[in-house]
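Here are my notes on the model you sent round. They are set out as numbered points, to be read with the structure open.

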Amino acid sequence: MTSPSPSIICVDCGGPAHLITPPREDNEWLVGDVVAYRCRDCLDRWDLVLTAEDLGIEEDQADQPDV
Ligand SMILES: [Zn+2]
């Protein structure tokens, strides 16, 4: 099971920003999914695109051709 981090550090104020995007019904997260975080302190919203690294997926499982 892979999932994005439940919280990140707000770039603006350094406060904790928690994941506000619910998972799919099947609880699956995919590379390229957009997830949103809301900062507790300044209430800024951060939208991130999930990468293989975010999901802890091995590089050889990611769909990225070598250049
Ligand atoms: Zn903040």
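1. The chain has four strands and zero helices. Along the sequence the order of elements is simply β-β-β-β. Please keep in mind that this is a predicted model, and that the points below describe the prediction.

2. The four strands make one open sheet, ordered β1-β2-β3-β4, with antiparallel pairing. The edge positions are taken by β1 (7–9) and β4, each of which has a single partner strand, so one side of each lacks a neighbour in the sheet. From one strand to the next, the twist averages 30 degrees.

3. Strand β3 (residues 34–39) pairs with β4 in the antiparallel sense, and five bridges join the two. One of the residues to look at here is V34, whose bridge partner in β4 is V49. As a reminder, strands of a sheet pair through backbone hydrogen bonds, either parallel or antiparallel.

4. The connection between β3 and β4 is a hairpin, with five residues between the strands. In that turn, L43 has a positive phi of about 65 degrees. Anyone checking the backbone of the turn can start from L43.

5. How many of the five residues of β4 are buried? The count is zero, and the strand (residues 45–49) is hardly covered. For the chain as a whole, buried residues make up 7% of the 67 residues. A residue has to have 20 or more other C-beta atoms within 10 Å of its own to be counted as buried.

6. T21 sits in the loop between β2 (16–19) and β3. Is T21 buried, partly exposed or exposed? T21 has 15 other C-beta atoms within 10 Å. Buried needs 20 or more and exposed needs 12 or fewer, so a count of 15 makes T21 partly exposed.

7. Which residues does T21 contact, leaving aside its neighbours within four places in sequence? They are V35 and A36. T21 and V35 are 14 residues apart along the chain, and their C-alpha atoms are separated by 5.5 Å.

8. A last point concerns contacts across the whole chain. Of the contacts with a separation of 6 or more, 40% are between residues 24 or more positions apart.

How values were computed. Residues numbered from 1 in each chain as written. Predicted model: local features only at pLDDT ≥ 70, side-chain atom pairs only at ≥ 80, totals over all residues. Pairing = 2+ DSSP bridges. Axes fitted to C-alpha atoms, helices over the stretch in contact; angles between N-to-C directions. Contact = placed C-beta atoms within 7 Å.
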